[in-house]
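Biologist: I have this chain open in front of me and would like to go through it with you, starting with the charged side chains.

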Amino acid sequence: VVYIHLKLVEDHIPKRAEKFRELIASHSRRYGIDEPLIYAIMEQESAFNPMARSSAGAYGLMQIVPRYGGRDANGYVNNRDVEPKPYELYDPDFNIQLGVGYLKKQMEVYFEGVTDRKNLMLCAIAAYNTGQGNVYYALTGSRSPKGASQRVNALTYDRLYRHLKVYLP
């Protein structure tokens with residue numbers, strides 16, 4: 001048996017997050033997405049590691065999959081209908097720009113009819129992680145947006161949260 005003792009940096013998550021404070025603030029203002037939400041997604045997705053790569057092929061701080069969210073976000077924020085390259089997604093500024101822009105698109109486009117801000121954020125977060133088609137399906141039984149916003153508007157935040165927790169793949 002071999003034991004290895006390592007002294008780890010205390011409070012390493014906040015220290016890593018601090019490195020991206022200015023970029024987060026800038027993109028928060030640009031897209032009107034609350035900073036705490038951006039921090040929460042980055043912590044959950046990558047623990048603030050700009051070189052993170054998932055087994056699903058998601059890259060960077062906000063764990064963007066090039067052919068899905070990456071292409072969609074790139075079209076929305078940069079007017080470029082192309083998949084971003086992995087090396088581009090390792091750039092913190094570009095990654096945060098696409099991630100925050102993608103959240104904004106979820107809210108403005110895919111769930112535009114949702115009237116309650118908390119419900120809208122919940123749908124956007126769920127869609128960011130699993131795709132808006134899966135959220136639509138969990139809500140209506142169809143991958144079409146038809147009726148999804150109306151269904152969300154008929155639910156309280158707590159009921160929507162419980163519903164998505166049970167039915168979202």
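**Charged pairs, helices and overall fold**

Biologist: Is Asp-81 buried or exposed?
Modeller: Asp-81 counts as exposed, because its relative accessibility is 54% and the cut-off for exposed is over 50%. Please keep in mind that this is a predicted model.

Biologist: And which residue does Asp-81 form a salt bridge with?
Modeller: Its partner is Arg-71, and the closest N and O atoms of the two are 2.9 Å apart. The pair links distant parts of the chain, since Asp-81 sits in the loop between helix H4 (66-78) and helix H5 (86-89), whereas Arg-71 belongs to helix H4, 10 residues away. Arg-71 is partly exposed, at a relative accessible area of 33%.

Biologist: Why would two such side chains pair up at all?
Modeller: Side chains of opposite charge can pair when their charged atoms come close.

Biologist: How many salt bridges does the count come to?
Modeller: The count comes to 4 salt bridges. Another of them joins Lys-105 to Asp-72, with 2.4 Å between the closest N and O atoms. Lys-105 lies in helix H6 (residues 92-110) and Asp-72 in helix H4, so this pair ties together parts that are 33 residues apart in sequence.

Biologist: Are Lys-105 and Asp-72 buried or exposed?
Modeller: Lys-105 counts as buried at 14% relative accessibility, and Asp-72 is buried as well, with a relative accessible area of 16%. Both values fall under the 20% cut-off for buried.

Biologist: What about Lys-104, which residue does that one bridge to?
Modeller: Lys-104 forms a salt bridge with Glu-108, where the closest N and O atoms are 3.5 Å apart. These two are 4 residues apart in helix H6, so about one helical turn separates them. Glu-108 counts as partly exposed, at 40% relative accessibility.

Biologist: Let's change topic to helix H3; which of its residues are buried?
Modeller: The buried residues of H3 are Leu-37, Ile-38, Ile-41, Met-42 and Ser-46. Seen down the axis of H3, they fall within an arc of 130°, so they line one face of the helix. The face turned away from that buried side carries the exposed residues Pro-36 and Gln-44.

Biologist: What covers the buried residues of H3?
Modeller: The cover includes helix H2 (21-31), H6 and helix H7 (117-130).

Biologist: How does the span of H3 agree with its number of residues?
Modeller: Helix H3 (residues 35-46) has 12 residues, which at 1.5 Å a residue should span 16 Å, and this agrees with its end C-alpha atoms being 16 Å apart. Just after H3, Ala-47 takes a positive phi of about 55°.

Biologist: You mentioned H2, so what is His-27 in contact with there?
Modeller: His-27 lies in helix H2 and is buried, with a relative accessible area of 5%. If we leave aside its neighbours within four places in sequence, His-27 is in contact with Gly-32, Asp-93, Ile-96, Gln-97 and Val-100.

Biologist: Further along, how many residues of H8 are buried?
Modeller: H8 is mostly covered, as 7 of its 9 residues are buried; among them are Val-135, Tyr-136 and Leu-139. The buried residues of H8 pack against H4, H6, H7, H9 and helix H10 (157-167). Just after H8, Gly-141 takes a positive phi of about 85°.

Biologist: And where is Pro-145 found?
Modeller: Pro-145 is in the loop between helix H8 (132-140) and helix H9 (148-153), and it is partly exposed, with a relative accessible area of 48%. From C-alpha to C-alpha, Pro-145 and Arg-16 are 38 Å apart in space, and they are 129 residues apart in sequence.

Biologist: Last topic, the whole chain: how many helices and strands does it have?
Modeller: The protein chain has 10 helices and 0 strands. Its radius of gyration is 17 Å, close to the 15 Å that the globule rule gives for 169 residues, so the chain is as compact as a globular protein of that length. Along its principal axes, the C-alpha trace spans about 55 × 40 × 30 Å.

Biologist: What share of the residues count as buried?
Modeller: Of the 169 residues, 44% count as buried. The protein chain exposes about 9,900 Å², and carbon and sulfur atoms supply 51% of that area.

Technical notes:
Residues are numbered from 1 along each chain as its sequence is written. This is a predicted model: local features need pLDDT of at least 70, side-chain atom pairs count only at pLDDT 80 or more; totals for chains, interfaces and linings use all residues. Side-chain values use heavy atoms; hydrogens and water are left out. A salt bridge is a side-chain nitrogen of Lys or Arg within 4 Å of a carboxyl oxygen of Asp or Glu. Buried means under 20% relative accessible area, exposed over 50%, partly exposed in between (1.4 Å probe, protein chains only). The expected span of a helix is 1.5 Å times one less than its number of residues. The arc is that of the directions from the helix axis to the C-beta atoms. Contact means heavy atoms within 4.5 Å. The radius of gyration is taken over C-alpha atoms; the globule rule is 2.2 Å times the number of residues to the power 0.38. Accessible areas come from the Shrake-Rupley method with a 1.4 Å probe; for residues, only the protein chains shown count as cover.
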